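Colleague: Please take me closely through one part of this model, the charged side chains. I would love to hear it as one connected story.

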Amino acid sequence: MGILKKIITYLKPTKEQLPVVSKGLVDVSTGPVEIIPHHQVPEDVFDLLWFKNGPFASDYYYDCGEYFDEEPSLIDVTLPVKPGVNDIKIGYYPSYTKLSPIQRYEYINWLKNVDSDTDISYVFVFYYGLERYIFTENYERSVAMMFKLLNRFGDNKSFRFYCTNALIIASVVHQRIDWIQMIDDDFLDPIKLATVKAMLLKKFYPEDIIKFSKIVGWTNNRYIKNNYDLFFGFLEQNLNQTFGTNFYPIDLSDCKKYDKTNNLMLANYSLSQEMRNVKMLDVLENKRIQKDLYGLLEKTHEDTKIKLRNDRKKVK
C-alpha cells in the first residue's frame with residue numbers, strides 16, 4: 001500500500017458526526033477524530049505503528065503473553081486530536097492514550113518526519129512499539145528504524161541505554177552480529193559487546209581483546225596508547241602461536257562457572273517479563289577466559305617492550 005493511501009482514519013463517521021476540519025485535523029476536544037491525508041506518515045514509519053482500532057487495527061499484541069498494561073504505543077483512533085499550544089508536562093512512561101489531544105497532534109505531526117526535533121517522550125511512545133516488533137516477522141524494519149532513531153536521539157542517555165539493549169537482544173535472537181557492528185562504539189558497553197560476540201561469533205579478535213583489556217584486569221596501557229600498531233601486531237602473532245589462528249576461540253562449555261550475568265532491560269513496560277528482562281552470561285567474568293586474555297596482553301606487552309628497546313639500541 002502506497003504512502004498516499006496509508007493514512008490514519010476513523011471508521012467512516014456519518015456526515016452529521018463529522019466535525020469541522022481545521023488545519024488538516026479535526027479540531028475537537030471530545031468524540032471521534034479523523035486524521036486526514038494532510039497528516040500522512042511515511043510508509044517506513046506507518047508500517048511500524050500499532051493500532052487499537054480502525055481499518056489498520058493490530059491484533060498481534062494480544063499474543064505477546066501476559067502484561068500488566070496496554071501497549072503504550074497503541075493508537076486509539078477514537079481519541080481526540082487537535083492543534084494548539086502544549087503546556088502540560090508529559091512525564092515518565094508515556095503512552096499514546098495518556099497524551100492530551102494537543103500532545104497527540106504533536107506526536108502524529110512528528111511521525112511525518114522522525115528526524116525532526118521533538119520531546120523525547122514522543123520518541124519513546126513510537127519506540128515502545130519498535131521493541132515489540134523485534135519479536136515479530138517485521139523485526140528487520142524495526143531494527144532499521146531503531147538505528148535511525150539512535151543516530152538522531154542517541155545523545156539522550158535513557159534512550160541510548162534502552163535502544164542499544166534492544167539492538168543487542170535483536171542481534172542475539174535473530175543471529176545478526178552485523179547489527180552489533182553497526183552500533184557506535186561510544187554507545188556500546190564493552191561487557192555487553194563481549195557477551196554478544198562470544199555467543200554469536202565464539203571468537204575475540206585482537207581489537208576486541210584490546211578493547212576488553214581493562215575489564216580483565218590489564219591496566220598498563222602504555223604501549224596500547226603510544227604504539228598501537230606494534231602492540232596489535234604482536235598480539236596477533238601471539239594468538240597465532242598459541243591458538244593457531246588470528247583470534248581467541250571462545251569455549252562456552254564451562255558456562256556454569258560464570259558467576260555473573262548481564263540484565264538487559266527493554267523500555268516497553270507492557271511486554272511480558274520474559275521478553276522485557278533478558279539475562280545474558282557475562283563471559284568476561286569467567287576465570288579461564290580472564291586468565292587467557294590477561295596472559296596474551298602480558299606477553300604482548302613484553303614483546304613490544306623488547307622490540308622498542310632493541311630499536312633504540314640500533315639507533316645508538
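Modeller: Happy to! A patch is built from residues with over 30% relative accessible area and no salt bridge, joining like charges within 9 Å and nonpolar side chains (Val, Leu, Ile, Met, Phe, Trp, Tyr) within 5 Å. Lys and Arg count as positive, Asp and Glu as negative, while His and the chain ends are not counted; each charge is placed at NZ of Lys, CZ of Arg, CG of Asp or CD of Glu. Areas come from the Shrake-Rupley method with a 1.4 Å probe, and for residues only the protein chains shown count as cover. The model is predicted, so local features need pLDDT of at least 70 and side-chain atom pairs pLDDT 80 or more, whereas totals for chains, interfaces and linings use all residues. Residues are numbered from 1 along each chain as its sequence is written, and side-chain values use heavy atoms, without hydrogens or water.

With that in hand, Arg222, Arg309, Arg312 and Lys313 form a positive surface patch. Three of the patch residues come from helix H12 (residues 287-315), which gives the most; helices here are DSSP runs of H or I with at least four residues, strands are runs of E with at least two, and both are numbered from the N terminus. Arginine 222 sits in helix H9 (residues 222-226). Because its relative accessibility is 51%, arginine 222 counts as exposed (over 50%; buried is under 20%, partly exposed in between, with a 1.4 Å probe and protein chains only).

Now to the charges that pair up. The structure has twelve salt bridges, each a side-chain nitrogen of Lys or Arg within 4 Å of a carboxyl oxygen of Asp or Glu. In one of them, aspartate 44 meets lysine 148 at 3.9 Å, N to O. Aspartate 44 is in helix H1 (residues 43-46) and lysine 148 in helix H4 (residues 139-153), so this pair links distant parts of the chain, 104 residues apart. Both partners are partly exposed, aspartate 44 at 38% and lysine 148 at 31%.

Helix H4 also takes part in a second bridge, in which aspartate 47 and arginine 141 meet at 2.6 Å, N to O. Here aspartate 47 belongs to the loop between H1 and helix H2 (101-111) and arginine 141 to H4, 94 residues apart. Aspartate 47 is buried at 16% relative accessible area, whereas arginine 141 is partly exposed at 47%.

A third bridge joins lysine 197 and aspartate 208 at 2.8 Å, N to O. Lysine 197 lies in helix H7 (residues 190-200) and aspartate 208 in helix H8 (residues 206-211), eleven residues apart. Both of these partners are buried. Shared partners also join Asp44, Asp115 and Lys148 into one salt-bridge network.

The setting of lysine 197 deserves a word. H7 is largely enclosed by the rest of the structure because eight of its eleven residues are buried, among them Lys192 and Lys197. The buried residues of H7 pack against several elements, including helix H5 (157-173), H8 and strand S5 (261-265). Across the protein chain, 48% of the 316 residues are buried.

Technical notes: Contact means heavy atoms within 4.5 Å.
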